[in-house]
Every structure is written in structure tokens, then in C-alpha cells.
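Please open the model in a viewer with residue selection enabled, and keep the sequence panel visible. The tour below proceeds one selection at a time.

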Amino acid sequence: GDVYKRQAESTLNFIRMGADVVQISSAVQNQDLTVVEDYITGLKALLYMGQRKDLHEHGWVGQNPPFAHDTNPVAATHPRFGEFSEERQRVASEEGRSKDWGAPIELTPIQSVDPASVPKLGDLRGDSLNYFANHMDLDFKQQVVAQVNDDMCINCGRCMMACNDTGYQAIKFDAKTHLPDVTDTCTGCALCAGVCPVNGCIEMVPRQTEFKVYRGADHVAPGPTAPQDILEPFPKFDGPYPRFQHDPPVNKH
């Protein structure tokens with residue numbers, strides 16, 4: 001299921017930026033030609049669910065359901081293995097015994113979508129080009145950083161490995177608890193969020209501190225064409241973040 005989601009979303013992103021064709025290469029070697037059916041299935045589901053207004057109103061983003069934080073009071077400090085897991089389960093059991101399991105459950109009515117209203121891939125081709133901008137036209141003061149929700153973390157270490165190998169080595173990994181710690185050197189590249197297998201565990205949130213970009217070596221001077229405003233430390237941004245307030249149309253997940 002998760003494979004279909006990621007393949008479909010990546011494919012649709014390319015199409016919305018104007019691509020006519022999406023090439024599949026190493027995925028065929030890792031799987032086989034049935035991967036093509038995976039892409040097709042995922043895209044059909046994504047296009048259909050994009051028309052489900054009720055899902056969007058309940059917090060769905062594309063094929064990703066809304067996530068809920070673990071209410072276990074020790075979830076953020078006790079990972080899911082060894083003695084930590086045992087304590088976590090003990091507390092959860094105590095919490096469960098005090099819960100009213102006989103409370104009525106409100107079921108959401110099932111809604112259907114007229115197949116004729118589901119857009120074709122060709123209808124969406126290039127519809128995100130109006131969001132495309134020159135890199136130097138972006139507001140460099142709008143910085144985001146990764147935030148790990150420890151209560152949802154499964155302690156797999158993928159975020160740390162991705163950041164260490166191809167990022168800025170901004171995530172430390174506690175040797176005892178295996179809980180990741182995002183340091184101030186985070187640049188907001190979102191590699192960690194991309195490899196995290198748990199929906200909602202890593203969120204990209206506005207930076208709340210001043211940020212000085214590390215550009216390799218202090219003795220290396222920037223080129224003469226480098227804009228001065230991006231060489232200075234980025235202060236805390238107090239203004240609104242438009243993209244965090246954007247409420248996209250139902251069919252533009």
C-alpha cells in the first residue's frame with residue numbers, strides 16, 4: 001500500500017510540472033514489470049481520492065490518512081524495544097483499564113464519487129507550473145526545519161542515516177534510546193521526512209531560531225555574484241508562512 005502511494009505521488013508531481021512521460025528504471029530491476037501496474041493502481045486511487053471532499057476535510061492528504069499522536073505519557077521518551085518497550089506497554093495497559101470502552105462510536109457515512117468527475121492525467125498536466133519560480137526569487141528567510149515526533153518514532157534510524165550520508169549530518173542518534181535528535185545545523189532539506197516510514201512522525205516546521213548556513217570552509221570566499229542577503233545569518237522569521245496556511249482545492253493534493 002505505501003509503495004503504491006509513493007510511486008503515484010511522485011509520478012503525479014512530475015506530470016503536474018509538465019512531464020509527458022515518466023521513466024521507470026531501477027524499480028523494474030528491483031521488482032519486475034508488475035511495478036507498472038503498481039503505478040497505475042496508485043494513480044487511479046490518487047485521482048479518485050482527490051475528489052473525496054470529505055476525506056480532505058478530515059485531514060487526508062492524497063492517499064495519506066490523518067495521523068494521531070500516541071497519548072501514552074511515556075511514548076516520547078520510551079522507544080519500542082527492550083526494557084523501554086516493556087514500560088511503555090505497562091503504562092498503556094494501565095491507561096486502557098481506565099478507558100470507557102463502551103462509549104458509542106460515531107461512524108462517518110460512506111461517500112461515493114461520480115467516475116465522470118475524476119480528472120484524467122492529461123487534465124492535470126502542467127497545472128502546478130504557476131507555483132514554479134526561479135530559485136533566487138524565493139524568500140530565503142522562510143526557513144523550515146525537521147521536527148521528530150518521538151511518540152510516533154519506531155527508532156529505525158533511517159532519518160539519521162539519510163542525513164548523515166546525503167544531508168548535513170544534522171541528526172544525532174541516542175545510542176541507548178535510539179531516539180533521533182535534530183540539531184541546529186538542520187537546513188530543512190526534508191530528506192529525513194522522505195525516508196521516514198511513519199506518516200506524520202517527521203514534520204517540517206518553521207524555524208524558530210537564527211540560522212547561519214555552513215558553506216564548507218570558513219576560509220573559502222563566496223563568488224563575486226553571490227547575493228549579500230543570503231550570505232548573512234537568517235534571522236528568526238516572524239511573518240506568516242503562506243505555504244503553511246494554503247488550503248488546496250480538493251483535487252490538488
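Begin by selecting helix α3, residues 34-49, in this predicted model. At 1.5 Å a residue, its 16 residues should span 22 Å, and the C-alpha atoms at its ends are 23 Å apart, which agrees. Next, colour the buried residues of α3: V35, D38, Y39, G42, L43, L46, L47 and M49. Viewed down the helix axis, these buried residues fall within an arc of 165°, so they line one face of α3. The background to this pattern is that an α-helix has 3.6 residues a turn, so residues three or four places apart point the same way.

Now zoom out to the whole chain. The protein contains 9 helices and 4 strands, and along the sequence these follow the pattern α-α-α-α-α-α-β-α-β-β-α-β-α. Of its 253 residues, 29% are buried. Among contacts with a separation of 6 or more, 71% join residues that are 24 or more positions apart.

Proceed to the largest nonpolar core, which has 16 residues. Select A146, C159, I171, C186, C192, C201 and I202, the members that touch the most other members. Two or more residues of this core are given by each of β1 (144-148), α7 (158-166) and β4 (202-206). Strand β1 provides the largest share, 4 residues. Which residues does C192 contact, leaving aside its neighbours within four places in sequence? They are A146, C159, I171 and I202. Elsewhere there is a second, separate core of 8 residues, which includes L12, L46, V113 and L124. L46 has already appeared on this tour, as one of the buried residues of α3.

Return to β1 and display its backbone. The strand is mostly covered, with 4 of its 5 residues buried. It pairs with β4 in the antiparallel sense, over 5 bridges. To see the pairing at the residue level, select V148, which stands opposite I202 in β4.

Select V182 next, in strand β3 (residues 180-182). Is V182 buried or partly exposed? Its relative accessibility is 23%, so V182 counts as partly exposed; the cut-off for buried is under 20%. A distance label between the C-alpha atoms of V182 and Q147 should read 7.1 Å, although the two residues are 35 apart along the chain. Beyond its neighbours within four places in sequence, V182 contacts A146, V148, A170 and I171. Of these contacts, A146 and I171 also touch C192.

Move to S128, in the loop between α6 (121-124) and β1. This residue counts as buried because its relative accessibility is 16%. Not counting residues up to four places away in sequence, S128 touches R16 and M17.

Finish with the aromatic side chains. Where is the 1 aromatic pair that a search of the whole structure finds? Select F81 and F84: their ring centres are 6.0 Å apart and their planes meet at 75°, so the pair is edge-to-face. The two partners differ in their surroundings: F81 is partly exposed, with a relative accessible area of 30%, whereas F84, at 13% relative accessibility, counts as buried.

How values were computed. Residues numbered from 1 in each chain as written. Predicted model: local features only at pLDDT ≥ 70, side-chain atom pairs only at ≥ 80, totals over all residues. Heavy atoms only, no water. Expected span 1.5 Å × (residues − 1). Buried < 20%, exposed > 50% of the residue type's maximum accessible area, 1.4 Å probe, protein only. Arc of directions from axis to C-beta. Core = buried A, V, L, I, M, F, W, Y, C linked by side-chain atoms within 4.5 Å. Contact = heavy atoms within 4.5 Å. Pairing = 2+ DSSP bridges. Phe/Tyr/Trp six-rings, centres within 6.5 Å; stacked < 30°, edge-to-face > 60°.
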